[in-house]
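Here are some short exercises to work through with the structure open beside you. Try each one yourself before you read the solution.

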Amino acid sequence: MASVLWSLFFLYGPLTTAKVTEELSHYLGEVGQIIFFLLGAMTLVELIDAHRGFTIITDLIRTRKKQKILWLVGFMTFFLSSLLDNLTTTIVMTSLLRKLVREKKERWLLGASVVVAANAGGAWTPIGDVTTTMLWIGHQVTTWFIMKTLFFPSLVCLLISLTVLGKELKGSYEVLLEKEGEMIEPGAYPIFFLGLIALLFVPLAKEWIGLPPFMGILLGLGALWLVTDLVHKQDEKRSYLQVPHILTRIDTSGVLFFLGILLAINALEIMGLLALLASYFQAHLPSFSFVALVMGFLSSIIDNVPLVAATMGMYPLAQYPTNDVLWAMIAYTAGTGGSLLLIGSAAGVAWMGIEKVDFLWYFKKVSWGALLGYLGGFGTYLFLRFVGIA
């Protein structure tokens, strides 16, 4: 799609071939930063997961009470997703739930809380969700701004959603014994903590010394690559724990999807179509709050990556500078709006595939709670902005 759009612009666009090539190179440089950041982050997370490092977190759950497990899982997912991407967090927490609760349908409400919490947790940090990362790398938002602005709205979204979901949970679960005997790989603890440090280093390095995020993540990956080689070099049977093998586990098709969709959106931007769409919104919607709400509802149906990419093209930084209120609202609604429907986020689609969850079940049991949380969090943001805090 991206290639076809750019080819059409080369053939029929008003610019010279040299100028179009220059524009394409410019956009490719911007998109490339996102792609390399995603590759580095995905590799770091896979490296921790291969060592079973996440059991350090999941082993903290010791209770069998349904309500307590719901809240523990929800908060663990919320904060874990703020460091990892929401897709990986969902997969990790779903694996945990499969060890905690025997019956599949008994796990569904807990799994739904994971989806909602992962999307809410990813919205308030620059590395927690692909869309927020795009806004961060594109200079629409800064690290401290997005964290202080969206933490409480995201938290309110989580609290309301968990409260609604928890009303249907009573009694205790039967905890499976396999959880206690789960083996971790050699070096799991240092790899886990070094991996988290590497992820935290990225936004800090960008704020302190201006290091681009993709360079920060590659620096962290390089350090972990060296550590894992040193830990496992004596045993050839553990080569599957080293970075060259981990790279074979990366979702390359997903990365190529991001590359294609972002370049396609760039083509629409240079053609002027996104500016026309922005003008239409301004003429027919009363405020940016409504624009953001519409984007959130659309993200429950359409992938939020192209939606946010289109928004970035519709509203240029020259008119809507870094940390403008528009970008904060888009970051929140695009991140949390995906919870409204099961197909609205990568986290929901992954969970649906693993647990074979019925779409209509989610719509009946979860969507209305997710909607209340979504609107409650957005209302919290508007209130904080009204009183001058956000």
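**Exercise 1.** Work out how helix 4 and helix 5 are oriented relative to each other in this predicted model.

*Solution.*
Step 1: Find the two elements, helix 4 at residues 66-83 and helix 5 at residues 86-100.
Step 2: Take the geometry of the pair: they pack at an angle of about 150°, and their axes are 9 Å apart.
Step 3: Compare with the cut-off: an angle over 145 degrees counts as roughly antiparallel. Helix 4 and helix 5 are therefore roughly antiparallel to each other.
Step 4: Add the handedness, which is right-handed for this crossing.

**Exercise 2.** Identify the residues through which helix 4 and helix 5 meet, and sort them by character.

*Solution.*
Step 1: From helix 4, list Val73, Met76, Thr77, Leu80 and Ser81.
Step 2: From helix 5, list their partners, Asn86, Thr89, Met93 and Leu97.
Step 3: Sort them: five are nonpolar, four are polar and none is charged.

**Exercise 3.** Is helix 15 mostly covered or mostly open, and what lies over its buried residues?

*Solution.*
Step 1: Helix 15 spans residues 304-314, and 11 of its 11 residues are buried. Among them are Asn304, Pro306, Thr311 and Gly313.
Step 2: This helix is thus mostly covered.
Step 3: Look for the cover, which includes helix 7 (130-137), helix 12 (252-270), helix 13 (273-284), helix 14 (288-299) and helix 16 (325-336).

**Exercise 4.** Explore the largest nonpolar core, then follow methionine 134 to its contacts.

*Solution.*
Step 1: The core has 122 residues, and those touching the most other members are Phe37, Met134, Tyr315, Trp351 and Tyr362.
Step 2: Helix 2 (residues 17-50) gives the largest share of this core, 14 residues.
Step 3: Set aside the neighbours of methionine 134 within four places in sequence; its contacts are then Ile34, Gln140, Leu262, Val305, Val308, Ala309 and Met312.
Step 4: For background, nonpolar side chains tend to be buried together in soluble globular proteins.

**Exercise 5.** Asparagine 323 has a positive phi, and so does lysine 356. Where does each lie, and is each buried or exposed, or in between?

*Solution.*
Step 1: Asparagine 323, with phi of about 70°, is not a glycine, and its place is the loop between helix 15 and helix 16.
Step 2: Its relative accessibility is 25%, so asparagine 323 counts as partly exposed.
Step 3: Lysine 356 has phi near 55° and sits in the loop between helix 17 (346-355) and helix 18 (359-365).
Step 4: With a relative accessible area of 57%, lysine 356 is exposed, the cut-off being over 50%.

Terms used: Residues numbered from 1 in each chain as written. Predicted model: local features only at pLDDT ≥ 70, side-chain atom pairs only at ≥ 80, totals over all residues. Heavy atoms only, no water. Core = buried A, V, L, I, M, F, W, Y, C linked by side-chain atoms within 4.5 Å. Buried < 20%, exposed > 50% of the residue type's maximum accessible area, 1.4 Å probe, protein only. Helix = DSSP H or I, 4+ residues; strand = E, 2+ residues; numbered from the N terminus. Contact = heavy atoms within 4.5 Å. Axes fitted to C-alpha atoms, helices over the stretch in contact; angles between N-to-C directions. Parallel < 35°, antiparallel > 145°, perpendicular 65-115°, else oblique. Left-handed = near helix turned anticlockwise from the far one by under 90°. Nonpolar A, V, L, I, M, F, W, Y, C, P; charged D, E, K, R; others polar.
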